[in-house]
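Take a look at the structure shown here. The report below covers a sheet and a metal site.

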Amino acid sequence: MMARTVLTTDAGADRNGAGASGIQRPISLANEVYETIFSQLMALKIAPGARITVDNLARELGVSQTPIREALGRLEGEGLVHKTHLIGFSAAPQISARQFGELYELRLLLEPHATGRAVGQMTDDMLATLAEAAGVMGRRAKSGDERARYSQFARQDAVFHDLILQSAGNELVRETLAHQHTHFHIFRLMFHSRVTEEALEEHEAIITAFEARNAAAAEAAMRIHIERSRDRLLPVFDE
Ligand SMILES: [Zn+2]
């Protein structure tokens, strides 16, 4: 599938374009490896809590160990992979019912308020980017490989929410929520239940409130979105 030779994974080194051929390739290979493992984690092809062996992945993807290690390091930073001394890498376990409850309580305390705040500060450019993020989710929902589509959907949801927090202007709130990697965790939780068309409509309602420059409506729309997201996912814990 990705049987290419890895020349180097020193991706950041040649940004000036010097050195001609072989510069872009390692960057895109590293990204491709990362995206592949990311999709496998999001779609539970790599089960939560499962050991991840660098050797096996390298063989499966037909690449050297270097981009695999690099991807796993990046995924560790995103909370999807854990590294244990002497044992190695494993997929992050699913969050517990308790962690889920805490996460949604935190979101409800912070996000609706921040969304209201963001209304007055969101530029037209930011709003266009926000609509674009929501639109990408809608388009991806209709085509392509299911696993890749699903992981893209999760990423766009993270982008959508982060853009709003960026406009709200409180970096501490933004970092606190970013640090929870909420969207990756909840999308892994619901892979076996349903991918939501409803969430798209809820995002639309938030955008509509931003377009109308209505802070109260934006705050309310975000609260509804988070509450419904919570209620859609809660049944996962009854199984
Ligand atoms: Zn959302």
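Which residue is the bridge partner of Lys 83 in S3? The partner is Phe 89.

This is a predicted model, where local features need pLDDT of at least 70, side-chain atom pairs count only at pLDDT 80 or more, and totals for chains, interfaces and linings use all residues. Numbering starts from 1 along each chain as its sequence is written, and side-chain values use heavy atoms, with hydrogens and water left out.

**The sheet**

Three strands make an open sheet, ordered S1-S3-S2, with antiparallel pairing. S1 (51–52) and S2 (81–84) are at the edges with a single partner strand each, so one side of each has no neighbour in the sheet. Strands (E, at least two residues) and helices (H or I, at least four) are DSSP runs, numbered from the N terminus. Two strands pair if DSSP finds at least two bridges between them. S2 and S3 (residues 88–91) are joined by four bridges. His 82 stands opposite Ser 90 in S3. Three residues lie between the strands of this hairpin, and Leu 86 takes a positive phi near 70°.

**The zinc site**

The zinc ion has four protein donors, lying 2.1 to 2.3 Å from it. Donors are N, O and S atoms within 2.8 Å of the metal (3.2 Å for Na, K and Ca). Their spacing along the chain is D-x3-H-x41-H-x21-H. His 161 and His 203 link distant parts of the chain, 42 residues apart.

| Donor | Helix | Relative accessibility |
|---|---|---|
| His 161 (NE2) | H6 (residues 146–168) | 2%, buried |
| His 203 (NE2) | H9 (residues 197–211) | 1%, buried |

Buried means under 20% relative accessible area, exposed over 50%, partly exposed in between (1.4 Å probe, protein chains only).
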